[in-house]
Amino acid sequence: MARIVTACIVTGKPIDSGIEIDDASFSLLPPFTGKVFCPYCQTQHEWSRDTALLADDEKAKS
Ligand SMILES: [Zn+2]
């Protein structure tokens, strides 16, 4: 499983959405817009599949 991470539009820093998904499911997601709370700006940013990245949780792999 990987975590969906999106970049803060203001600071450019990665925001962990807290959503876990596998690569196959991510690629099958329809276009959408979600909201994630940005800890850097203390506000919500919109994000979409196009702006999101998958961060593999390397620690979870054996
Ligand atoms: Zn932000």
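Q: In this predicted model, with which residue does Arg3 form a salt bridge whose closest N and O atoms are 3.2 Å apart?
A: Happily, the cut-off is simple: a side-chain nitrogen of Lys or Arg has to lie within 4 Å of a carboxyl oxygen of Asp or Glu. Arg3 has such a partner, with the closest N and O atoms 3.2 Å apart, and that partner is Asp16.

Q: How many residues apart in sequence are the parts that Arg3 and Asp16 tie together?
A: Let's place both ends of the pair. Arg3 belongs to strand 1 (residues 2–7), while Asp16 belongs to strand 2 (residues 14–21). The pair therefore ties together parts whose separation in sequence is 13 residues.

Q: What is the distance between the closest N and O atoms in the salt bridge of Arg3 with Glu20?
A: Here too the partners come from two strands, Arg3 from strand 1 and Glu20 from strand 2, so the pair ties together parts 17 residues apart in sequence. In this salt bridge between Arg3 and Glu20, the closest N and O atoms are separated by 4.0 Å.

Q: Which residues do the salt bridges that share partners join into one network?
A: Arg3 forms a salt bridge with Glu20, and Arg3 also forms one with Asp16. Salt bridges with shared partners thus make one network of Arg3, Asp16 and Glu20.

Q: What is the relative accessibility of Arg3?
A: Partly exposed residues fall between the buried limit of under 20% and the exposed limit of over 50%. Arg3 counts as partly exposed because its relative accessibility is 27%.

Methods: Residues numbered from 1 in each chain as written. Predicted model: local features only at pLDDT ≥ 70, side-chain atom pairs only at ≥ 80, totals over all residues. Heavy atoms only, no water. Helix = DSSP H or I, 4+ residues; strand = E, 2+ residues; numbered from the N terminus. Buried < 20%, exposed > 50% of the residue type's maximum accessible area, 1.4 Å probe, protein only.
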